[in-house]
Amino acid sequence: MTRRLIVLFALLGFASAAQFSVPLRKSGSLRQKMIKEGRYSEYLLQRKSAGKQNLFDTMDEFYLADIFLGTPDQHFRVSVDTASSVVWVLDVLYCDSDNCNVQNVPLKDTYNSSASSTFQDSNKTFLFPYQEISEVYGFLGKEKVSMAGFTLTNQDFIRATVVPDFYTEQPVDGVFGLGWPDQQELKGVGTPMQTLLSQLDQPIFTIWMQRADNATKESSGSITYGGFDGEACDKNIQYLPLAQPGVWGFFVEGWSMGSFKGTQNETAISASSSGWTGVPTATFSHILKATKAKFDWELNAYTVSCSTIERQPDLNLNIGGNTYTIKSLDYVLDLGLNNGHCALAFFSSAKMNADWILGDAFIRGYCHVYDFGNSRVGLSKFVKRD
């Protein structure tokens, strides 16, 4: 289970305007219900023509979004990732990873290049590491990418044939990267943000989200491209310089949880695709003591009693001289485990390229403004609670 923890959240949305916002809502079993009733295809077309795009929240662990590739459209549910910069989807013919083409284990949508009139083959293969624990390999090409009425033409993308196990074990068809274009592993591959930035009022995008407590909640969050979401987010923004050039992140100057604390200056990555929080190894040990979490050998994860969700101590982070809090309601997840156990949504970041991996547990408390123009990340309080 530990290998799949870092890339389990996604937000995505585009519209053909200089600034646009995409509402998010919980999916639950809505997709399966619509498929059974024969309404899902009509539902996708309505959302596309309306210029908005809903996101699917699965057990507060990750979020997915719809994109469309090719002519005619081929539909995919993807993870949107601020920690990477490429677009990839599973290939229909050549994917060698487990479950790529097995229906309902979980259900996958795969890309068929022969069915698209806008596909261009680059006749190159592409391999890049994923967070130093695995890799994505596939064939490089160009394609039309559409989402919520907005279109990226001749967009570089990868028809993936080998991907990390955690993707094929989850209902994820691919990834849409929102990271910087100058990452070394890209090797000249064009990123979606390179195409999009010149069309925006401001070279920024804003993400906010909230926990999906029930299936009736209308909105689980949104992403706004080209502007700041002043309705959902407090206008008092603290901007932080990037800790590493070309990486969405900043410094964590200290932390505390219960009687434990640390004061070392450490790097953090803002990872919109991570449903779990990565922490330094020493910090992870202290968190286990503070929460009294026990290792479940059957589940291969640390757990606490679900009855303690609201009583576990806060994790406080010192960032830019201010205190930011991850509450237990966000770092303890009820994933339907055995014997009333809930998952402790932390993992050791020992093999990652930053000390802290701050994903949706952190973003649920604070809006994030990703500012390409000034190479910084802004944090503000999330004020909207539907």
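What follows is a short conversation about reading a predicted protein model.

Reader: Before I look at any detail, how confident is the prediction, going by pLDDT?

Author: The idea first: where pLDDT is low, the predicted coordinates should not be read in detail. In this predicted model the protein averages a pLDDT of 79, and 76% of the residues score at least 70. Over residues 1-17, though, the pLDDT is below 50, even though that stretch has 103 contacts in the model beyond near neighbours in sequence. Residues 23-60 also have a pLDDT below 50, with 99 such contacts.

Reader: Okay, and the overall make-up? How many helices and strands are there?

Author: You'll find 7 helices and 27 strands. Of the 386 residues, 57% count as buried. As for contacts between residues at least 6 apart in sequence, 70% join residues at least 24 apart.

Reader: Where do the nonpolar residues go? Which ones have the most contacts inside the largest core?

Author: In general, nonpolar side chains tend to be buried together in soluble globular proteins. Here the largest nonpolar core has 61 residues, and those with the most contacts inside it are Phe176, Phe205, Phe250, Leu317, Ile319, Trp356 and Phe362. Helix H5 (residues 281-291) supplies the largest share, 4 residues. Domain 1 (51-199) and domain 2 (231-381) both give residues to this core, so it lies between them. There's also a second, separate core of 19 residues, which includes Leu90, Cys100, Phe128 and Ala160.

Reader: Let's take one strand, then. How many residues of S16 are buried?

Author: Keep the usual pattern in mind: in a regular strand the side chains alternate between the two faces of the sheet. Strand S16 (residues 266-270) has 5 of its 5 residues buried. Glu266, Ala268 and Ser270 point one way, Thr267 and Ile269 point the other way, and all are buried.

Reader: And which strands does S16 pair with, parallel or antiparallel?

Author: Strands of a sheet pair through backbone hydrogen bonds, in either sense. S16 has an antiparallel pairing with strand S13 (residues 249-252), over 4 bridges. Look for Phe251, whose bridge partner in S16 is Thr267. With strand S25 (residues 356-358), S16 runs parallel, joined by 3 bridges. There, Ala268 stands opposite Trp356.

Reader: Is there a sheet where I can practise spotting edges? Which strands stand at the edges?

Author: Try the open sheet of 4 strands in the order S18-S19-S23-S22, with antiparallel pairing. Strand S18 (294-296) and strand S22 (332-333) each have a single partner strand, so one side of each is left without a neighbour in the sheet. Further in, strand S19 (residues 301-305) and strand S23 (residues 341-344) run antiparallel and are joined by 3 bridges. Ser305 has His341 as its bridge partner in S23.

Reader: Now the aromatics. How do Phe205 and Tyr370 pair, stacked or edge-to-face?

Author: A pair of aromatic rings is described by the distance of the centres and the angle of the planes. The structure holds 21 aromatic pairs. Phe205 and Tyr370 are stacked, at 4.7 Å centre to centre with 15° between the planes. Phe205 lies in strand S10 (residues 204-209) and Tyr370 in strand S26 (residues 366-371), so the pair ties together parts that are 165 residues apart in sequence. Both residues are buried.

Reader: What does Trp248 do with Tyr370?

Author: Those two are edge-to-face: 5.3 Å centre to centre, 70° between the planes. Trp248 sits in the loop between strand S12 (238-241) and S13, 122 residues from Tyr370 in strand S26. Trp248 is buried too. Step back and ring pairs link Trp180, Phe205, Tyr225, Trp248, Tyr370 and Phe372 into a cluster.

Reader: Last one, a loop residue. Is Val189 buried or exposed?

Author: The cut-off for buried is under 20% relative accessible area. Val189 has 6%, so Val189 is buried. You'll find Val189 in the loop between strand S9 (174-177) and helix H4 (192-197).

Reader: And what does Val189 touch?

Author: Leaving out residues up to four places away in sequence, Val189 touches Phe126, Leu140, Asp156 and Gln194. Take Phe126: Val189 is 63 residues away from Phe126 in sequence, and 9.3 Å away in space, C-alpha to C-alpha.

Definitions and conventions:
Residues numbered from 1 in each chain as written. Predicted model: local features only at pLDDT ≥ 70, side-chain atom pairs only at ≥ 80, totals over all residues. Heavy atoms only, no water. pLDDT = per-residue confidence, 0-100. Contact = heavy atoms within 4.5 Å. Core = buried A, V, L, I, M, F, W, Y, C linked by side-chain atoms within 4.5 Å. Buried < 20%, exposed > 50% of the residue type's maximum accessible area, 1.4 Å probe, protein only. Helix = DSSP H or I, 4+ residues; strand = E, 2+ residues; numbered from the N terminus. Domains from an automatic or database assignment. Pairing = 2+ DSSP bridges. Phe/Tyr/Trp six-rings, centres within 6.5 Å; stacked < 30°, edge-to-face > 60°.
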